[in-house]
Amino acid sequence: MKINSLSKEEALRALVSSENGLPEAEAAKRLSESGFNEIREVRRTSLAIRFFRQFTHFLALLLWVGAGLAFLSDYLHPGEDMATLGFAIIGVIMINAVFTFIQEYRAEKALEALKKLLPFYVQIVREGKERKVPSREVVPGDIILLSEGDRIPADARLIEGAMLKVNNASLTGESEASLRNSLPVQGELLDSPNIVFAGTTVTSGSGKALVFATGMGTEFGRIAHLTSTVQPDLSPLQKEIVKATRLVATIAALVGIFFFALGFAIGRDFWNNFIFAIGITVALIPEGMLPTVTLSLAMASQRMAKRKALIKNLSSAETLGCVSVICTDKTGTLTQNRMTAEKIWKDGSILDAKDFRAQADDPLMQTALFCNNARFADNEYLGDPTETALLRLGRESLGDLSAQRIFEIPFDSDRKRMTTVHRVGNAEYVFSKGAMESILPLCSRFLTNGVEQKMEEASRESALDAYSSLMDKGLRVLAFAYKKNLSDSLPADPFSLEKDFVFAGLIGLEDPPRPEVPEAIRKCHEAGIKVIVITGDGSRTAVAIAREIGLVKGDPIVIEGPEFLKMDDRELRKKLAAREILFARMAPKHKMRVVSILQEEGQWVAVTGDGVNDAPALKKADIGIAMGISGTDVAKEASDMILLDDNFATIVNAVEEGRTVYDNIRKFITYIFASNIPEAVPFLAYILLRIPLPLTIMQILAVDLGTDMLPALALGTEKPTPAVMKQPPRSRNERLLNFSVLSRAYLFLGPIEAAACMFGFFYVLYGGGWTWGTLLPLNNVLYLQATTACLTAIIIVQIGNVFACRSANESVLSLGFFSNRFIFIGIAFELCLQLFIVYSPFGNRIFATHPLPPATWFILLPFALLLFFGEETRKHLVLSR
Ligand code: ATP
């Protein structure tokens with residue numbers, strides 16, 4: 001018998017469970033038998049294969065060709081030691097493969113660790129008590145409670161359902177939500193309305209279900225291996241780096257060919273020439289750029305997570321830096337979502353909620369108390385903050401009253417009200433609470449001093465006046481209405497109950513702004529980021545709060561939901577151009593249109609959301625941001641980033657990190673590119689000036705794959721500076737390698753470095769009595785020392801350069817000279833490696849170097865200072881322009 005065809009009792013018996021759920025000990029036993037309720041990821045590719053791939057990508061293939069040519073030339077023309085270069089290139093491929101693999105692996109682990117920060121929780125019943133457990137601990141036989149926006153954790157048979165609708169799109173592709181019920185049926189499980197499946201979501205209503213399959217035993221588990229083979233896309237920045245690397249590699253190859261042709265033209269030896277062409281090509285290829293960028297992005301996402309912003313993929317880390325508009329909710333994001341009842345409007349006057357006491361039959365307080373899903377248990381109020389505030393008020397003013405709930409039409413953000421039917425004593429009542437605009441039109445009577453009267457225009461107006469004045473205090477104002485239910489049974493259409501109400505009064509709830517928000521708003525303004533509040537609350541409340549946090553200073557444009565619906569796109573576009581604009585009484589589903597129009601205007605839009613209906617806007621936005629605490633699973637799944645603390649200020653911190661990571665990537669690229677010039681100029685001089693070769697290929701590789709490595713990584717860890725949030729957002733079209741980056745590296749920093757290395761070379765040669773035109777054998781001590789000085793000069797100026805690159809425009813002194821300790825670790829590593837290369841016999845043999853007198857190092861030092869102070873002066877001139 002299939003579980004869908006069993007009655008509720010039979011199903012419970014079949015799984016040896018009960019409506020009270022499993023005993024804890026039994027659940028623990030089942031967990032050890034069935035394993036965790038999780039989809040095991042089918043390892044996409046084994047580590048060995050992924051490591052092997054490092055030897056077969058475009059750059060590696062180019063390097064293999066280089067090595068092959070070196071060995072070929074050694075074979076055809078032995079005696080020139082060209083095989084050494086061949087081995088060196090293979091060494092490059094190896095070092096690069098290991099380095100890339102480690103970086104990619106670390107980046108992947110960093111992202112995996114982030115995923116673990118956000119386990120999904122499920123509300124279950126065990127031993128008759130409701131509690132929350134991580135979804136991985138659910139076992140067959142568990143009773144789970146489902147509500148709107150939940151992701152269903154396991155395959156389960158419904159045993160209760162109140163207008164429960166689920167969306168099975170992830171399983172069947174059917175995107176229309178379908179109504180579920182708990183009645184037994186025959187047929188396939190997939191078609192049964194009494195079955196809910198793991199991985200699908202509750203779009204509305206609530207229910208109770210009995211779990212019968214978990215983990216890989218679920219339908220979702222069975223198809224999971226199909227989906228887990230999909231490789232994540234590269235982020236735009238990673239794609240740009242791939243393109244840039246290929247471009248630079250092609251240029252490097254062209255430079256190699258150029259040198260070869262040049263040497264050939266001026267009559268250099270063919271084989272020597274050939275080997276140099278290969279060498280220079282290899283030296284100029286930016287091997288480690290992509291993995292370093294990937295790792296930088298992954299590290300940035302870890303830093304964001306530490307600051308409570310969890311991003312789901314690396315693209316978001318960089319997109320955050322471009323955000324130009326943030327559309328944010330108010331409640332819980334700008335405010336604390338800690339509501340307290342402040343004011344009550346009843347019988348024509350506004351009263352303080354603190355000292356309010358009421359009779360047990362007071363309809364306003366009864367509505368607040370009964371039309372409410374919050375609970376008071378173990379001395380604690382549990383549930384939605386709006387409702388807990390009302391429950392607290394109701395309990396404090398009426399004491400503990402109970403009534404039997406017969407029916408509920410749950411609150412939803414579109415209708416902006418909630419209605420219940422209760423039996424109080426011998427009578428049945430319909431209670432409704434919600435936004436004024438949603439309640440008042442349903443009322444035909446008005447309660448004054450305990451008497452129900454016909455709703456006159458004057459009473460309507462006095463209620464509206466009170467409503468406005470409470471909202472102007474920044475309070476969230478709810479209207480309350482009730483009526484005696486005269487019919488014996490519920491009507492077929494329960495919504496038809498919502499009419500002919502008696503208006504009972506208003507309650508104003510205070511929800512103070514989060515203390516960090518005003519500073520975050522100020523930062524946004526400085527950073528050229530526009531903040532637009534899109535709230536379900538009333539406009540006056542929204543404006544009052546916006547004013548309090550410094551978001552609006554003048555007279556903002558306020559658009560309310562109904563007006564928004566009437567507006568055409570052109571009009572809306574015009575309004576959206578205003579400096580201060582906010583949307584009130586909006587339903588979440590309308591956010592999407594605002595996002596689309598902003599995007600059409602070329603903005604990068606971040607949008608916050610927490611409910612099921614926010615999902616389309618979260619998906620459409622460049623950065624969809626879900627609330628980690630109050631958000632539904634559906635919103636979290638649709639988003640790119642999750643705020644672990646629901647706080648607006650966290651978005652701004654994430655934007656700051658996003659901007660910083662992009663800047664940092666530019667910093668290390670500038671640093672690496674600058675050293676290409678002193679690597680290329682010696683070759684040019686060798687060929688054009690007919691001098692001994694000042695820098696060997698192995699020495700270039702020592703810089704590119706040795707000494708440069710850690711300082712470059714250290715630049716990737718620079719912290720955000722205040723200046724980062726003082727610039728306008730990056731434009732969509734801006735390229736990473738723009739003119740200013742390339743010209744600074746190639747036309748300013750690089751030439752100073754080239755001057756240093758050529759100076760070092762000639763200083764040693766002339767100091768040793770060399771005269772122009774004299775040829776030196778490759779093992780001549782003077783020659784070896786001269787190339788060593790050339791290499792040492794690069795190392796020394798790169799120290800000045802790493803400080804210069806810490807910022808493109810700001811003085812290092814303003815950043816704090818010692819503020820990045822990784823820079824110093826990087827420099828220490830660089831110097832140790834260089835000392836090893838210069839002073840150890842092994843280093844001398846591999847890199848064809850010879851120990852230098854210490855004085856030579858000091859002679860080269862001024863070039864580092866020249867570069868550093870040259871940059872400081874340039875920055876000063878740029879800033880004072
Ligand atoms: P924001 O969009 O700024 O975060 P919100 O999401 O809290 O605000 P909604 O939850 O859509 O906004 O609430 C809109 C309106 O619905 C509120 O102003 C209030 O009048 C009413 N409302 C909110 N919660 C309830 C509830 N539990 N029962 C009845 N009405 C409610």
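Me: Which domains supply the shell around the ligand, with at least three residues from each?
Reply: A shell can be read by asking which parts of the chain contribute to it. In this predicted model, the shell around the ligand draws at least three residues from domain 1 (307–335 + 514–654) and at least three from domain 2 (340–510).

Me: How many residues surround the ligand, and which are the closest?
Reply: There are 19 residues around the ligand, and the closest are Lys330, Glu387, Arg476, Thr535 and Asp537. Sorted by character, the shell holds 5 nonpolar, 5 polar and 9 charged residues.

Me: Where do N or O atoms of Lys433 and Lys330 meet the ligand?
Reply: For each contact, one looks at which atoms are paired. Lys330 uses a backbone N or O atom, 2.7 Å from an oxygen atom of the ligand, whereas Lys433 places a side-chain N or O atom 3.2 Å from a ligand nitrogen atom. Arg585 has a polar side-chain atom 3.1 Å from an oxygen atom of the ligand. The ligand taken alone exposes 620 Å², of which the protein buries 92%.

Me: Which elements give two or more residues to this shell?
Reply: They are strand 16 (427–434) and strand 19 (476–484), and strand 19 provides the largest share, 3 residues.

Me: Why is Cys443 in no bond with Cys371?
Reply: A disulfide requires two cysteine sulfur atoms within 2.5 Å. The closest cysteine sulfur to that of Cys443 is in Cys371, and because these sulfurs are 13 Å apart, they are too far for a bond. By this rule the count is 0 disulfides. Cys371 is buried, with a relative accessible area of 0%, and Cys443 is also buried, at 7%.

Technical notes: Residues numbered from 1 in each chain as written. Predicted model: local features only at pLDDT ≥ 70, side-chain atom pairs only at ≥ 80, totals over all residues. Heavy atoms only, no water. Buried < 20%, exposed > 50% of the residue type's maximum accessible area, 1.4 Å probe, protein only. Near = heavy atom within 4 Å. Polar contact = N/O pair within 3.5 Å; in protein donor to acceptor, adjacent residues only side chain to side chain. Areas by Shrake-Rupley, 256 points an atom, 1.4 Å probe, with all protein chains shown as cover. Helix = DSSP H or I, 4+ residues; strand = E, 2+ residues; numbered from the N terminus. Nonpolar A, V, L, I, M, F, W, Y, C, P; charged D, E, K, R; others polar. Domains from an automatic or database assignment.
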